[in-house]
Amino acid sequence: MAYLVGRIASSVVLAFAVATIVFLALHLVPGDPAELLLSTGGISPDPAAVAELRERLGLDRPLHVQYLGFLTGLLRGDLGRSLVDDYSVAAEIALRLPRTLELIAAGTIIALAVGVPAGTYAAVHAGGAFDRIMSGVMALLMAVPVFVLGTLLILLLAQTLKLMPAGGFVPFWRDPGQHLLLLSLPALVIGKGLVAIVFRMTRASVLDILPRDHVRTARAKGLAEGRVLRAHVVRNAFGPVLTVLGLHMGSLLGGTVLVEYVFNWPGLSTPLIRAVEGRDYPMVVGIVLTVSGLFLLINLVVDLLYAALDPRVRAG
Amino acid sequence: MRRLHARLALPALLILSLVVIALAVPFLGLPNPVRQDIPNRLTGMAPGAPLGRDEFGRDVFSRLLWGARTSLFVAFTATTIAALAGTLLGMLGGWFRGVAEFLSVRIADVILCFPPILLALLVVTIMGPGVATLILMLSVLYTPGFVRVAYGEVLSTRNQDFVTAMTALGATTPRILALTVLPNIASPLLVQYSLTLGAAIVVESGLSFLGLGVVPPTPSWGLMIRGARATMEQAPLLLLWPCLALTVTILAFNLLCDALRDAFDPKSAASVGTRPRPRLVDRFAPGLFPTRADSGAILSVRGLTVEIGTRRGVIRPVDDVSFTVGAGETLAIVGESGSGKSVTVTSLMGLLPAAARPVAGEAVFEGHDLLRRSPDQLRALRGARLAMIPQDPMSSLNPVHKVGDQVVEAILAHRSIARPAARAEALALFRRVGIADPERRLDAWPHEMSGGMRQRVMIAMAIANRPALLIADEPTTALDVTMQAQILDLLADLRRETGSALIFITHSLGVVAEIADTVMVMYAGQVVEQGPVASVFAAPFHPYTAALLAAVPQDDAAPEPIPGAVPPPHRFPQGCRFAPRCGHAQPPCGEAQPLRHFGNGREVRCARAGDLRLGRAAHDA
């Protein structure tokens, strides 16, 4: 219980620090956001317009007042309004976040479903043909960037073989089959790096567990080999795999931006890229904070899962 | 080491050629990579344009090489800045602690909470796209990685003796950091450096692909992919070249990083490297050998030989070992570490590591040869008719399952009874092996129990299915003295009660006298003497047995340690294996000795067995 409370508290502190860094990055960098926003093609904007915008954004107030306002807004779930189209940032995120989450969940499930069995098999038959081939395949998967793999898959499967659409989105309730078909490619691509990481970690972890005494005990009991592997090897090896999974969620979350763009998946990526291009600060800040918060949350969940898996962690 | 050089060679060569191309590209006389030629847009391969022209008629080959220059320039510059800044901050934080630590390490931790591309996009929003933004943003992104590496290494280095010594000698802090700490952290930093280069190229190309990185028309692989994507129907090849260049480059950096990591950290190399090949199972001919009708013997081992394939060649840790165990009898196997006791019993259980296998002999247990049973047949015996109590109860229980469940699992592996019934049996077993508060202990985790308690759990597990033969491999070695006595008493009780036979491996001859009917003395993989305990202890025939007995502390004589140690299996002597350490060795001992029978169940492997008088009786006379 003390562990639980401590771990949650540290996540809250980190979330607060992340928000602070974002705030500082926006406000301490030289150059006035309002001026930058209004200037086009090197022409200085109208001072009156700049002053009006500064007031609307609250930039004319003292820094600490702005900071407090920013934090209380965050706590109330108020992320401000888009400078470009005046939409509520929170509403836009609420609409699109589930789609991004779906992509992430699907990618993670694919990574675990492929990486854990393959890594275990490779470890049990270490040095064998499967192990060598998979090590090569995984190195290649690690190396190919998500947008390259996504683009090439579209070229091959959609453009050349005409097997599936090049991308897009259909709500699940309207056409479940089409929804899953459209989900499959981006999910595969987003999961590819994670597959390699899960495979490597599972393999190393299983190799580490296999020679342990308790595995010999399990065999000495006369358990079937499959049960020995499941209950006494993979079960023990899973903790480190989970931890690495959590750590690499960061690149996975970043990768969704590119994958959604490549496959026209209407998640957070589209408004984010548009906002970066248009210097729509509230929208960028809102999305960056949401995804970073998600990253913190995933790592919190991973650590708590780890504690559930390994009773020794709970004990302290 | 040679394998490592081979692994480093390919990625190093690739990266070197990329760097050379990037540096030389302005002098290669290539067409201007940004000059547009709209009439010739999307034309295929042609003289002067070996890879064709892109959507603006620009030369693709030239853009590809110039793109390498852009990518590598951004990656190397940003990574170098991050490495310098991060190492400095991490070292200062690790050395001075306090405020410096807070400012460097804690802020680095917070930056690591951002998904990399998201933080990058935030920076682009503030500063606008461009090469300068890329370099700044990638430096910020990757500084924390170096801070962490440098900080961790400094913390572990600063307390080492030579650093303390320099501080005591009055060296200044910058000097100590530069001279002692930096060389020590160089290798992990190098690994981090190569890792970061690859990662930086990924982020740079990704952002350029989104149109938020390198600004057109500057040639960049990410931008080329972005452009070719729009025209992939007409010119799919245009997509392929930059994709290939990018992937190969990142692969080269990743491979370099892996090879460096393995070179500097042998532990991780071991986990990646190959284990000995699994054996080709040669046990698929069960029941071909007639089983001996040894009346009364529950286990009869003849000529058991185990070989292990190692890097130095094949070794034989167990060589021609024969013994029998009668029903309800206790056999003690004694000998120093390395004499082959554990390998002998492990091979009977079919639990040898993959590299080891029994190559000769037979081990008839209840009418079946254990060495020639299929893995499934052996599995059915293990834990049912044939059970084992391990040496180290601390590591022999799975830490992630409750102890009760692990006992229940042993019961359910061999009997199809309901789970609650198995749990009730486990409870009775806990009670039987003397675990206090058994109801509650069933739901305890292994780490909540003492060593003695855990060994009781292991014993409960071993007797769960009423085995005919129990094998205890030094079951008390890992326990403290009072626990040892309790566990031995428990084993003796159980044996009386259940009538199961017991093979007991031990270093302690005192225990042997107490518990065993017969004793087998092993040395360097061979049986050197065996017979009834009382007879062997009263008058040992083999000098090694006599030496083991003399090494036991007794109140009337000081213990005499045996000089030297058991030779490793690849250096077993040609003749009598004990001869080099034997005070009675004579010329005939240079030849291999057979095991000779001496009546009354006594067998000895010694050239001088007839003419020596050994043992404490001889000393006293």
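This presentation describes a predicted model of two chains, A and B, beginning with their interface and ending with some backbone details.

Some conventions come before the structure itself. Residues are numbered from 1 along each chain as its sequence is written, while chains are lettered from A and ligands numbered from 1 in the order in which they are written. As the model is predicted, local features need pLDDT of at least 70 and side-chain atom pairs count only at pLDDT 80 or more, whereas totals for chains, interfaces and linings use all residues.

I start with the interface. Here 60 residues of chain B are in contact with 63 residues of chain A, where contact means that the C-beta atoms of two residues, placed from the backbone, lie within 7 Å. Several elements of chain B each supply at least two residues of the side that touches chain A, including α4 (116-127), α7 (173-210), α8 (221-230) and β6 (386-389). Helices and strands are DSSP runs numbered from the N terminus, with H or I and at least four residues for a helix, and E and at least two for a strand. The largest share of this side of chain B, nine residues, comes from α9(B). Sorted by class, the side of chain B that touches chain A holds 39 nonpolar, 13 polar and eight charged residues. In this classification Ala, Val, Leu, Ile, Met, Phe, Trp, Tyr, Cys and Pro are nonpolar, Asp, Glu, Lys and Arg are charged, and the others, Gly among them, are polar.

Within chain A, I would draw attention to one helix pair. Helix α5 (residues 89-124) and helix α8 (residues 176-209) of chain A pack at an angle of about 35 degrees, with their axes 6 Å apart. The axes are lines fitted to C-alpha atoms, for helices over the stretch in contact, and angles run from 0 to 180 degrees between N-to-C directions. The crossing of α5(A) and α8(A) is right-handed; that is, the near helix is turned clockwise from the far one by less than a right angle, and anticlockwise would be left-handed. The residues of this contact comprise 22 nonpolar, seven polar and two charged.

I turn to the strands of chain B. Strand β1 (residues 297-310) and strand β4 (residues 356-365) of chain B pair in the antiparallel sense over eight bridges, pairing being assigned if DSSP finds at least two bridges between two strands. In this pair, Leu299(B) stands opposite Phe365(B). β4(B) also pairs in the antiparallel sense with strand β5 (residues 368-369) of chain B, over two bridges, and Val364(B) has Asp369(B) as its bridge partner. β4(B) and β5(B) form a hairpin with two residues between them, and Glu366(B) in the turn has a positive phi of about 50 degrees.

Which faces of β7(B) are covered? Both are: Leu469(B), Ile471(B) and Asp473(B) on one side, and Leu470(B) and Ala472(B) on the other, are all buried. A residue is buried if 20 or more other C-beta atoms, placed from the backbone, lie within 10 Å of its own, exposed if 12 or fewer, and partly exposed in between. β7(B) pairs with β6(B) in the parallel sense over four bridges, with Ile389(B) opposite Ala472(B). Five bridges join β7(B) to strand β8 (residues 501-506) of chain B, and these two strands run parallel. From β7(B) the chain crosses through helix α18 (residues 481-498) of chain B to β8(B) in a right-handed β-α-β crossover; with the strands pointing away from the viewer, the path from the first strand over the helix to the second runs clockwise.

Ile389(B) appears again in the surroundings of Ile459(B), a residue of helix α17 (residues 451-463) of chain B. Leaving aside neighbours within four places in sequence, Ile459(B) is in contact with Ile389(B), Val433(B) and Leu490(B). Ile459(B) counts as buried because it has 25 C-beta neighbours inside 10 Å. In contrast, Gly510(B), in helix α19 (residues 509-515) of chain B, counts as exposed because it has 12 such neighbours inside 10 Å.

Finally, the backbone. Most residues other than glycine have a negative phi, and most peptide bonds are trans. Pro216(B) and Pro217(B) are joined by a cis peptide bond, with omega about 5 degrees; Pro217(B) lies in the loop between α7 and α8 of chain B. In chain A, Asn264(A) has a positive phi near 55 degrees and sits in the loop between α10 (225-263) and α11 (269-278). Arg279(A), also not a glycine, has a positive phi of about 55 degrees, and its place is the loop between α11 and α12 (281-309) of chain A.
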